[in-house]
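This report describes selected features of one molecular structure for the bench biochemist. Please consult the sequence and the model shown below while reading.

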Amino acid sequence: MQRHTTLGEFLIKNQKDFPYAKGELTALLSSIRLAGKMVNQEINKAGLANILGAAGNENVQGEDQMKLDVLANDLFISTLQNRGEICGIGSEEMEDFVSFEEEIHKDAKYVVLMDPLDGSSNIDVNVSVGTIFSIYRRVSEPGTPAVLEDFLQPGNKQVAAGYLIFGTSTMLVYTSGNGVHGFTYDPGIGSFFLSHPKMTIPEDGKIYSINEGNYVHFPDGVKKYLKWCQELDPTTNRPFTSRYIGSLVADFHRNLLKGGIYIYPRGTTAPNGKLRLLYECNPMAFLMEQAGGKASDGYRRIMDLEPTELHQRVPFFCGSSKMVEKAEAFMEEYKN
Ligand code: P6P
C-alpha cells in the first residue's frame, strides 16, 4: 500500500544532511512537532474553551497577550526543556531568554528562538496563525548557562528554521539547509506526512502582500513600487494582485506556493518596521533563500544583519527573487 512518508521517517532518512551529530536535528524537530500538535489541539477548540480574548497581560512588545499566545509559549518551552539538545530559548512572549540548566542539558549544543503564535490577533476571527522557529548552535561552552551571545547570531548561522501553520490544514515546513520540506498533519493518525517535498518559490510572481493602510507612512521607494505594481501593463502581468492576511506565516506560505512578495517596511509609526529580526525575519529568510527566493531589509540581505537586541525590528522584503529585486531597485532609486 502506497503511503506518504512521516516527518520522523523523513528526518531519519535525511539526517546525513544535518552536518552535526546524528539524530540531533531529529530530536529537535520531534519536540517542535509534539508541541505543534498540542498547540493545534488548543487552537482548534479555542472558540469553545473560553481561551479567546486577551489574557489581560501585555507582552514585551506592549501588545495584548491573547490567552493562546501564553499557552503556546508555555507548551513550547515545557516541551523543548524536556530535550537534552537545547540549552535555552528566546521568545517573542518573554522579555529575556530562558536558560535550561538541568543535568540533561549539560551537553546541550543548541538554542531556539521562536514566535510561539504569530498573527494571534487573528485567532478570534478564525484566520490562520502560525509558529515560527529558528535553531542555532550555541557559541558559549556546553555545560554553562546560555548567554545572550548564543541568541544574537546573524541569520546565516542558523542550522535549521521553520514554521507551523494552523490553517485549513496544519502543516510543518522546515529547512536544515538542504531545501524546504512541507508536512501536513493528519489528526486522525496524529502524524505529519510529507506532502510538499523540496518546496521552491516561482522566480517571479504577481501577488504583493503589504498593509496598504500604512501607505502614508511608507518610504518613497515602497510607494513608487506599489504604484508600479498597480499600473496597467499586460506585458508584465500588471496590475498585480494584492493579498494581505495580516498573519506573516499565512502570507508567506501562500507566496511560497504561488509566487509573490511580502513587505513590512519602516514607517513613521514603526521606524524600523514591525517584524522582529531574530524570530520572524531570519527564519523566514532562511526558508525563502532555500526555496530560491530572496529576503532583505530593502537594501541588505536579512541573514547578514548583525543582531544587537533580542527583540529588534527590521524592515522586511521577502519573496520571489525578481519581485524583491524590483522593490529593492525602487528603494535604491528613491532612497530617503
Ligand atoms: P499589521 C502579526 O502581528 C504580525 O507580526 C505578522 O504576522 C503580520 O504580517 C503583521 O504583524 C501584521 O501587522 O500592522 O499589518 O496589522
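Which residue of strand 4 is the bridge partner of Ile89? The sections below give the answer within the context of the sheet, and then turn to the ligand, the cavity and the backbone.

**The sheet**

The model is predicted. It contains an open sheet of eight strands, arranged in the order 4-3-5-6-7-8-9-10, with mixed pairing. Strand 4 (98-99) and strand 10 (191-196) each have a single partner strand and stand at the edges, so one side of each is left without a neighbour in the sheet.

At one of these edges, strand 4 pairs with strand 3 (residues 86-91) in the antiparallel sense, over two bridges. The residue of strand 4 that serves as the bridge partner of Ile89 is Val98. In general, the strands of a sheet pair through backbone hydrogen bonds, in either a parallel or an antiparallel manner.

**The ligand site**

There are 13 residues around the ligand, and those that come nearest are Asp118, Tyr244, Leu248, Tyr262 and Tyr264. By class, this shell comprises five nonpolar, four polar and four charged residues.

Three of the nearest residues are described here by their polar contacts. An N or O atom in the side chain of Asp118 lies 2.6 Å from an oxygen atom of the ligand. In Leu248 the contact is made by the backbone, where a polar atom is 2.7 Å from a ligand oxygen atom. For Tyr262, a polar side-chain atom is 2.7 Å from an oxygen atom of the ligand. On its own, the ligand has 400 Å² of accessible area, of which the protein covers 82%.

**The cavity**

How many cavities of 30 Å³ or more does the structure hold? There is one, and the space in the largest cavity is about 70 Å³.

The residues lining the largest cavity are Phe10, Leu11, Asn14, Asp17, Phe18, Leu25, Tyr174, Ser176, Asn178 and His181. Sorted by class, this lining has five nonpolar residues, four polar residues and one charged residue.

**Backbone features in loops**

Two loop residues deserve mention for their backbone geometry. The peptide bond from Arg238 to Pro239 is cis, and its omega is near 5 degrees. Pro239 belongs to the loop between helix 5 (220-230) and strand 12 (241-242).

Lys198 is not a glycine, yet its phi is positive, at about 45 degrees. This residue, Lys198, is located in the loop that runs between strand 10 and strand 11 (207-209). Strand 10 is also one of the two edge strands of the sheet described above.

Key
Residues are numbered from 1 along each chain as its sequence is written. This is a predicted model: local features need pLDDT of at least 70, side-chain atom pairs count only at pLDDT 80 or more; totals for chains, interfaces and linings use all residues. Side-chain values use heavy atoms; hydrogens and water are left out. A residue is near a molecule or strand if one of its heavy atoms lies within 4 Å of it. A polar contact is a pair of N or O atoms within 3.5 Å; within protein, one must be able to donate a hydrogen and the other to accept it, and residues adjacent in sequence count only if both atoms are side-chain atoms. Accessible areas come from the Shrake-Rupley method with a 1.4 Å probe; for residues, only the protein chains shown count as cover. Ala, Val, Leu, Ile, Met, Phe, Trp, Tyr, Cys and Pro count as nonpolar, Asp, Glu, Lys and Arg as charged, and the others, Gly among them, as polar. On a 1 Å grid over the protein atoms alone, a cavity is a set of points where a 1.4 Å probe fits but cannot get out, and a pocket is an open set with protein on both sides within 12 Å along at least five of seven lines; lining residues have an atom within 4 Å of a point. Grid points are joined across faces, edges and corners, and a volume is the space filled by probe spheres set on the points. Two strands pair if DSSP finds at least two bridges between them. Helices (H or I, at least four residues) and strands (E, at least two) are DSSP runs, numbered from the N terminus.
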